[in-house]
Amino acid sequence: MAMDTTDLLPDAIHSDAVDSIGAVTRTVSMPIGIPGYTLHEEQRTVPTSEPPVLPVNKDLDYIGKSPERWDGHAKVTGRARYTADVQLPGMLYASFVNASIPHARILSIDTTAAERHPGVKGVHVIELLLGAAVLRDPTLERTKYPIVRFAGQPVAAVAATTPLAAQEAAAKVQVKYEALPFVVDVDLAREANAPLVFPGTADEAGTAGGGGSEGGIPQTGNVHGPSVHKHGDAEQGFKDADVIVDARYTTQVQTHSALETHGVVADWRPELLTVYASTQGTASVREELAGFFRLPKSQVRVITEFMGGGFGAKFGAGNPGVVAAALSRKTGAPVRLMLDRQEEHLSVGNRPSSDQRLRIGAKKDGTITAIKLISYGTAGCGTGAGCSGPAANLYKWASLHTEENDVFINAGPAAAFRAPGHPQGAFALEQSIDELAARLNMDLLDLRDRIDENPVRRVQRQIIRESALWKSRNPRPNADPGPIKRGIGLSQSVWYRHLTMNCGAEVRVHKDGSIEVLSAVQDIGSGIKTVLAQILAEQFGVQPAKVSVKIGDTNYPVGPNSGGSVTTASLTPAVRDAAWQAAQKFLLSIAPALSSMPADLSLSGGMVRSASGKFQPIPFRLAAAKMNTDEVSAQAKRIPDYDPSKYDTYGGVDIAEVAVDTETGRIHVKRVLAVHDCGRPINPAQVISQINGGVIQGISYTLFEHRLLDPNYGLMVNSNLDKYKIAGSYEVPQIEVQLTESYIGQSSTDASGIGEAAGIISAGAAIGNAVYNATGVRIRQLPMTPAVVLTALNQPQPSTEPV
Amino acid sequence: MSATERPPQPCQCLRTRNPYGTSPLNAESWLPGVDATSTYWCLRTMGPAGPDEHYVHLSRCTPSRVCYESSDE
């Protein structure tokens with residue numbers, strides 16, 4: 001794109017002054033809708049400090065294209081330095097001591113033998129830091145150690161000169177427990193006489209629990225809930241319904257298995273605490289370390305050069321962060337603390353389970369009169385097991401009633417996990433919608449057209465409707481004679497336009513022609529480095545590989561935490577704004593030497609050009625040499641969306657083809673067609689890559705992954721990847737992704753996110769509906785193991801005859 | 001709790017990562033965080049229990065709790 005400089009005004013360069021006034025705006029015309037379907041233009045009022053409106057992708061040079069990953073070479077050659085690769089002079093290696101039983105009071109921790117172990121330089125015991133709090137339950141004062149609430153809970157750590165010495169010494173730490181009754185079964189935990197994970201009710205302010213319940217969510221035994229949401233009169237809605245589908249669905253706990261485990265290297269110096277972290281939020285790690293150690297943020301620096309994946313569990317410093325920092329302070333040496341795979345399964349997060357009772361009432365034309373969802377799920381010894389998002393947000397309804405309950409058990413706490421609550425909720429909702437269609441004798445896509453007005457989803461359904469794969473589907477269930485039966489199923493997904501305004505970037509142009517962007521944002525593997533390079537390339541008219549991307553360091557302007565699909569949507573407008581402002585400064589800087597007015601100059605094709613033809617195009621590097629200063633730079637922060645009255649969702653429509661072996665119960669997912677939107681795709685190849693990953697992760701969740709806890713000992717019995725089955729190459733189907741390029745007119749890049757909606761939300765229901773199409777049997781339980789499938793095939797099925 | 005109700009001022013040590021990002025401190029930033037999928041932890045313990053050994057949650061980490069720390073402190 002040739003950059004238009006006609007908007008160049010002195011005020012436009014100084015965006016802060018303009019923004020602080022808050023009234024200096026202009027009206028622009030922006031592309032809205034889907035090319036080939038609904039594309040049109042709409043007016044938006046934007047601050048004058050904003051850059052010119054970008055045209056649609058086909059008219060751009062670098063945005064919307066798929067250059068190779070900016071850091072791809074470093075990754076494939078091993079040059080990329082991940083946290084576990086960091087080596088600092090004199091660095092020590094730390095190892096956790098983890099609780100061996102699921103529920104206990106720690107009576108004593110003897111570190112004497114560990115401290116004497118060769119190579120050991122320091123031991124840290126996790127103590128209960130009561131601060132000013134005065135506990136009213138005297139029994140809690142018997143120990144200075146936290147209560148153990150799950151096997152694998154860190155209780156201490158050892159730092160030594162080698163990893164082996166640290167592990168050996170950790171094994172010598174003597175922990176004396178007073179075992180407490182425990183419960184790891186969700187159903188048993190709900191019973192009145194179950195062992196309590198958090199004794200007493202928190203509804204009585206001033207008890208040992210401390211509690212207070214202004215929030216109005218009750219605690220009864222191990223159940224925290226219900227969290228109730230009501231819209232309209234659901235009971236009346238069911239009375240008004242011609243058809244009601246009513247079913248129970250259950251889903252399992254899925255543990256996090258990012259390729260790189262949690263970990264840090266902490267280097268505590270008097271003037272600065274430097275922490276290399278495998279994190280989804282450099283800002284969150286710094287904020288927590290500063291808060292925990294009561295340091296000014298300026299004395300904490302967090303660096304994430306490369307990061308080996310995170311799906312929601314890598315926010316904040318966590319125990320690894322604070323323990324490594326404490327050991328570094330104690331020993332006067334840098335300390336590396338990386339979790340092993342077992343610790344990763346046990347202590348740093350998981351996707352909660354769910355047990356859902358879902359009722360949907362509808363009129364004969366498909367109109368939904370009522371949805372009622374009552375769910376129980378366990379987030380271990382934490383909360384967060386809600387799953388009502390899809391029920392609340394995928395379709396139109398006249399009334400909605402949801403009750404969500406957390407059930408405490410003696411297991412590791414949950415953490416956010418890619419689209420929290422949504423794979424669980426969609427598994428139930430989208431199978432029930434299919435069931436509703438059968439009862440109404442309606443086509444699956446026609447019913448969804450009736451109850452889903454989202455214009456993007458409507459286009460996506462049309463793409464599905466016209467696909468060869470969908471056309472090959474026999475709508476009659478169990479039509480295949482078998483024993484291996486083929487079926488095709490459908491599911492939609494929904495996610496939300498979440499943003500963080502708390503992010504920004506700086507762009508610099510140097511006299512040698514080099515251009516760089518700086519932001520503390522971390523690249524968790526999804527490719528934000530490449531995206532930022534493309535933004536700069538588009539602005540300056542140079543190849544993405546020619547710009548320098550410096551991110552993952554809190555020394556740079558604050559970046560967004562990467563979760564909830566916020567990174568690209570939040571950060572790229574700030575980067576483009578900074579790039580545009582820096583480009584204006586650059587042109588101002590070279591204009592005198594070119595005897596030109598800045599408004600006559602433009603940047604494209606690696607050249608500085610004169611609109612009036614005053615001079616022949618000059619290579620960018622040579623033009624930069626004419627700058628009247630060594631460097632120009634601009635910083636920009638994310639500004640709010642142009643039209644905050646519009647709240648967008650995005651998602652997709654996925655179909656899966658399965659082959660069900662009715663003799664062995666094995667499900668083989670053969671093909672997936674995934675049609676998704678994410679606003680303006682900045683780098684389609686990277687978006688597709690995320691969707692491929694989401695589909696595979698969704699298949700893995702649907703068919704394989706399952707945390708198993710031994711009810712007799714309270715231990716996880718499959719806490720390693722040799723026993724915790726994850727989809728491998730043999731289970732990966734042929735995946736076809738179609739992106740729905742969708743413009744919403746909300747920012748200077750108009751980008752949205754893709755991470756959450758990318759396949760994992762819809763996989764369970766798409767496969768479930770495909771299995772029903774293949775066999776006529778509906779499977780309402782995850783994971784769909786061969787045993788589950790065979791059991792379901794041998795059970796009588798309820799009638800789904802049309803009304 | 002209704003999503004539209006204003007929650008009480010939470011303890012400054014309450015942390016969460018919900019779909020909106022990590023949101024410490026002021027109550028306004030917590031408004032989106034009442035979602036039932038939010039997981040919480042305590043800055044003082046780095047775990048789901050507070051220093052008083054009860055679980056932490058937006059509805060629990062209120063001024064009536066003995067370990068409560070005000071953001072004004």
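## A sheet of four strands: S23-S22-S21-S27

In this predicted model, chain A holds an open sheet of four strands, arranged in the order S23-S22-S21-S27 with mixed pairing. Strand S23 (548-551) and strand S27 (631-637) of chain A stand at the edges with a single partner strand each, so one side of each has no neighbour in the sheet. Going from one strand to the next, the twist averages 15°.

Let's look at one pair within this sheet. Strand S21 (residues 504-510) of chain A and S27(A) are joined in the antiparallel sense over seven bridges. If you would like to find one of these partnerships in the structure, look for Gly504(A), whose bridge partner in S27(A) is Lys637(A). Helix H17 (residues 567-590) of chain A packs on the sheet, where it touches S21, strand S22 (515-519) and S27 of chain A. The direction of H17(A) makes about 150° with that of S27(A).

## Another sheet: S20-S28-S29-S30

Chain A also has an open sheet of four strands in the order S20-S28-S29-S30, and here too the pairing is mixed. Which strands are at the edges? They are S20 and S30 of chain A, each of which pairs on one side only. The twist averages 15° from one strand to the next.

S20(A) and S28(A) run antiparallel and are joined by 13 bridges. Among the residues involved is Gln492(A), which has Val653(A) as its bridge partner in S28(A). As a piece of background, strands of a sheet pair through backbone hydrogen bonds, either parallel or antiparallel.

## Helix H14 across the sheet

Now bring in a helix. H14(A) lies across S20, S28, S29 and S30 of chain A, and it runs at about 30° to S28(A). Helix H14 covers residues 455-465 of chain A, and its buried residues are Val456(A), Arg457(A), Val459(A), Gln460(A), Arg461(A) and Ile464(A).

What covers the buried residues of H14(A)? The cover includes helix H13 (444-451) and helix H15 (468-471) of chain A. Strands contribute as well, including strand S20 (484-496), strand S28 (649-661), strand S29 (667-677) and strand S30 (734-740) of chain A.

## A hairpin and its neighbour

Strand S24 (residues 601-604) and strand S25 (residues 607-610) of chain A pair in the antiparallel sense over four bridges. Leu601(A) has Ser610(A) in S25(A) as its bridge partner. Together S24(A) and S25(A) form a hairpin with two residues between them. In the turn, Gly605(A) has a positive phi of about 55°.

S25(A) also pairs with strand S26 (residues 618-619) of chain A, in the antiparallel sense and over two bridges. Here Val608(A) stands opposite Ile618(A) in S26(A).

## Two helices that cross

Helix H8 (residues 282-293) and helix H9 (residues 318-331) of chain A pack at an angle of about 55°, and their axes are 10 Å apart. That angle makes H8(A) oblique to H9(A). The crossing of these two helices, H8(A) and H9(A), is right-handed.

Which residues meet where H8(A) and H9(A) pack? From H8(A) come Val285(A), Glu288(A), Leu289(A), Phe292(A) and Phe293(A), and they meet Gly321(A), Val322(A) and Ala325(A) in H9(A).

## Helix H5 and its buried face

Helix H5 (residues 163-171) of chain A has these buried residues: Ala165(A), Ala166(A), Ala169(A) and Ala170(A). Viewed down the axis of H5(A), they fall within an arc of 135°, so they line one face of the helix. The cover over the buried residues of H5(A) includes S3, helix H4 (112-116), strand S5 (120-125) and strand S6 (154-160) of chain A.

## One residue in a loop

Ile101(A) sits in the loop between strand S3 (92-98) and strand S4 (104-110) of chain A. Is Ile101(A) partly exposed or buried? Ile101(A) counts as partly exposed because it has 18 C-beta neighbours inside 10 Å, while a buried residue needs 20 or more.

Beyond its neighbours within four places in sequence, Ile101(A) is in contact with Val148(A), Ala151(A), Tyr177(A), Ala179(A) and Gly714(A). Ile101(A) and Asn350(A) are 249 residues apart along the chain, and their C-alpha atoms are separated by 19 Å.

## A look at chain B

Chain B has one helix and three strands, and from the N terminus on its elements run β-β-α-β. Of the 73 residues in chain B, 68% are buried. Among contacts in chain B between residues at least 6 apart in sequence, 40% join residues at least 24 apart.

Definitions and conventions:
Residues numbered from 1 in each chain as written. Chains lettered and ligands numbered in written order. Predicted model: local features only at pLDDT ≥ 70, side-chain atom pairs only at ≥ 80, totals over all residues. Buried ≥ 20, exposed ≤ 12 C-beta atoms within 10 Å, placed from the backbone. Contact = placed C-beta atoms within 7 Å. Arc of directions from axis to C-beta. Pairing = 2+ DSSP bridges. Axes fitted to C-alpha atoms, helices over the stretch in contact; angles between N-to-C directions. Parallel < 35°, antiparallel > 145°, perpendicular 65-115°, else oblique. Left-handed = near helix turned anticlockwise from the far one by under 90°.
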